[in-house]
Amino acid sequence: MNKQLVPLYVAHDIKTLDALVEKDDAIRNLKKVNRFTNIARKMMSELLQSQNDQEKCYIIGKRYINLLDHLFKISDDQNFTRSLYINDYHKVTQLISEFKSDLEKRYHALALQQLHSKSGDGADKAAIPSRSPSLKDQVESKTNLKISSGPRNTPITILADSKRQLPSAGETYDTFIGPKDLFTALMQKQNLLLVDIRTPSEFNDTRILIENHLGQGHIINIPGDFIIPGLSANTLGQKLGPDGQEIWEMRDSFQMIVLLDTYTQKHNFGGSKLERLRSFIVEWDFNRTYTQEPLVLSGGIKEFIEWYPTEVGNSHCFLSQTNSEIDELLNLESISYPEAGSGLQMNLKLHALSSTENNNDFGPEIRENLAEPYKSPSQESLFTNGPSEIEPILYVEPGVDYEIPSDSSSEDGSVAEIRDMVAGKRADLLRQARQAAKPKASGAADDKRQLQKGNRDDSKSTVTIRKLRSKIPSAPSIDRSFKPIIPDNRKTYGEGYCGLRNVKNICYMNSILQCMKVVPVIKGAFVTSDRYAYSTTLKPPRINPQMAQVMRELWGGTPDNPKHYFIEPFKRKLCETAPNFDRGNHEDAFEFFIFLFNLISDDCSFDLSPPPVMTESQKAWFGHLQGRSSFLIDAFYYQLKNTKTCYYCRRTYLSFDTDSTLMLAMDNAACSLQPMIEEYMKDNRVQDYSCSDCKSTSSILNRKEIVVDPEVLVIILKRYLINADGTSRKNDNEIDFPLKGLKFGKSVYDCCGVVQHSGNTSHGHYFATVLLDAKTNDWVLFNDDVVTRYSTVVNETFGVRASAAGFFYIRRS
């Protein structure tokens, strides 16, 4: 325990504290298990960080136990849930016992001290009045303020008592106050006024329970519709009800005024109704003297509920309402599409295997390869034949709301427009071709040579066909079994300052997506071009249109105007294939990455055409990928050759490992990534190996060699240790990793993303640090929807080194 204990300020006995604990209806009303994990994590964090405040920790600890007891009752798998939380449950129970013992002694000592300090001036009067005091009595008794009498128009002079605790200078004059600081003020029973500008129904459903803290603070509702330009604070008060007017009239007698709405932060405060209300008080509230200027609750009621759900009435209503509103906004089925012949202009563009002009992220290699038969960049020595001809898939340009009619027999409306457009495009191209300069006449010998060359180049005919089809779109074969996704084909994007909201424990998804967005091949295919679309071979695609939507949203936002986004359409589509990701469990981030990578790769995969005779390396590659490949596989996969030599007969055996991730184990000591790779690649002796040639059982020497270097190297750290009893624990040691110059095989790699994890092996929290701009060395931390720019060197930061769970490295060209 910290010896610098916070003085007693909440109650005078344990019974009063227990009464406060019971004011947790929000916990009992929670029914979704995923909400409990977020609440429990934050309560546990607050408990462990505030142990010098014993009264506060006693209340939080007992509410934490109540939370888990309720969770155990509603969980579908109680044994599994108990196994996740039982250690914390016992730990908190022990802490509560210690707090209770200490507090009982402190309360007893305080009572004796007050008894001995009695004097004849009536200072020993009961702290709790026997009657219900008036509002004015409450304010005066709480803050020891002397309010001058007189007409309402005369100034009110506030004289602070010498014992009055004012916020520090940093808290007093800062426009914003965080949820933790507000909760501290409530716990200290400061005399404050909360002004909530949400609608009356929202306020009544989910208002902050200021009465929980036995203080004299108050909360009122001033609906945002009342806050219009040109009003003064006095005029605004006249719009309120009797109770609200009474409190508002005494607004300058409160120690602190906090304004709040649903979700306002510094980046969207300018021009908001909260800013307008604050200006009414600061600039247009004449004849009033305030202790300090009003503060604004950062993040609004939403952020406060995330931190302290038990301090808000019916917090589950707010969370359910928020989720339903998001679903409504993001539900594509609710979009109203224009009817055929409505006269609305539809600037449709058809994309088949189209060109990639203005595509700066592909790089010269990719732009050149698009016009040639497909050749795997990482497997040029393995397969030289390209894929079979791929039928182009129709996609619709953004900017309009459009749906292909389901009636295939109809010649009206949208289908007719598409056919007219195709016919018009063909006519334009044919007219251009006819107007082009005629080639010079050639002799018979030239004709013969051209004919012979044509016969020899017959194998390249698919290239000519592909070029032709990319320029003259044929009548598209429309798949009516699914609704077309409308990708955003914009050529410009932001700077990548976009956080992701964590709803239903998806921090593992958020961290992986943030790292993937800065991988050049991902950005080039899903953000700065439509490569993912014209590479699609699976109809309908399972995830890539939604993946493109997420990637493009993630590249929005700037340092001065960051964005927030919720991946609901992507997650809903993903969970159609993998429902386990919709259960709100704490999943492994890299297991999710492997699953997602396979999914986006399958959408654009094609059959390999292997040569008649394959080497062992080719066979291994072909067999592992089951005869299919994609541009993503070419970027992420590597191949490792193992050469095993028998010590007895010197017989050599070859085997090959083909994978998209490199998994490295951490030992108990502080580790460095480069030596870990070298240790992994080092020759090792395998005991008790049975040689098929000499039939002896002896040790062999295994030598590893990288034969295919990946363009993107994904490294996973095995941060767990096995205890003697077979259980596992997390290895929290720091790891040293280079931002530039990591060597793997014959290639050199630079870091672009770090996936981080806090917690233990059973539960915790994922976040990510990524390099948004290599030119400016702009490293940014994405902790769900919180976006923070680094001011220190990333790989020298303790928090990154101790929490790193995996890395994304890019090969130098």
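This is a guided tour of a predicted model, with one selection at each stop.

**Stop 1: the four-stranded sheet**

Select strands β11, β10, β15 and β14. They form an open sheet in that order, and the pairing is antiparallel. Strands of a sheet pair through backbone hydrogen bonds, either parallel or antiparallel. Look along the sheet for its twist, which averages 35° from one strand to the next.

Which strands stand at the edges? They are β11 (652–659) and β14 (684–690); each has a single partner strand, so one side of each is left without a neighbour in the sheet.

Now keep β14 and β15 (residues 697–708) on screen. Five bridges join these two strands, which run antiparallel. To see one bridge, pick S690 and its partner in β15, T697.

**Stop 2: two helices on the sheet**

Add helix α25 (residues 616–624). This helix packs on the sheet and touches β10 (638–646), β11 and β15. The direction of α25 makes about 35° with that of β11.

Then add helix α27 (residues 673–681), which also packs on the sheet, touching β10 and β15. Its direction makes about 130° with that of β15.

**Stop 3: after helix α25**

Go to Q626, in the loop between α25 and β9 (628–629). Most residues other than glycine have a negative phi, and most peptide bonds are trans. Q626 is not a glycine, yet its phi is positive, about 55°. Is Q626 buried or exposed? With 70% relative accessibility, Q626 counts as exposed.

**Stop 4: cysteine pairs**

Select C646 and C649, and show their sulfur atoms. The sulfur of C649 is the closest cysteine sulfur to that of C646, but at 3.8 Å the two are too far apart for a bond. The cut-off used for a disulfide is 2.5 Å. C646 is buried, with a relative accessible area of 0%.

Next select C691 and C694. C691 is in no disulfide, and the nearest cysteine sulfur, in C694, is 3.6 Å away. C691 is buried too, at 1% relative accessible area. How many disulfides does the model have by this rule? The count is zero.

**Stop 5: the largest nonpolar core**

In soluble globular proteins, nonpolar side chains tend to be buried together. Select L513, I522, F570, F636 and F808: these have the most contacts inside the largest nonpolar core, which has 67 residues. Helix α24 (residues 589–603) supplies the largest share of this core, eight residues.

Centre the view on L513. Leaving aside residues up to four places away in sequence, L513 touches L500, M547, V550, M551, L554, I567, F570 and L596.

For a second, separate core, select M44, F99, I177 and I210; they are among its 52 residues.

**Stop 6: two loops**

Select K504, in the loop between β6 (498–500) and α19 (507–516). The phi of K504 is near 65°, a positive value in a residue other than glycine. K504 counts as partly exposed, at 25% relative accessibility.

Move on to P540, in the loop between α21 (531–534) and α22 (544–554). The peptide bond from K539 to P540 is cis, with omega near -5°.

**Stop 7: a hairpin**

Finish with β23 (residues 778–783) and β24 (residues 786–789), which pair in the antiparallel sense over four bridges. The two strands form a hairpin with two residues between them. One residue of the turn, D784, has a positive phi of about 55°. Beside the turn, N783 stands opposite V786 in β24.

Technical notes. Residues are numbered from 1 along each chain as its sequence is written. This is a predicted model: local features need pLDDT of at least 70, side-chain atom pairs count only at pLDDT 80 or more; totals for chains, interfaces and linings use all residues. Side-chain values use heavy atoms; hydrogens and water are left out. A nonpolar core is a set of buried Ala, Val, Leu, Ile, Met, Phe, Trp, Tyr and Cys residues joined through side-chain atoms within 4.5 Å. Buried means under 20% relative accessible area, exposed over 50%, partly exposed in between (1.4 Å probe, protein chains only). Contact means heavy atoms within 4.5 Å. Two strands pair if DSSP finds at least two bridges between them. Axes are lines fitted to C-alpha atoms, for helices over the stretch in contact, and angles run from 0 to 180 degrees between N-to-C directions.
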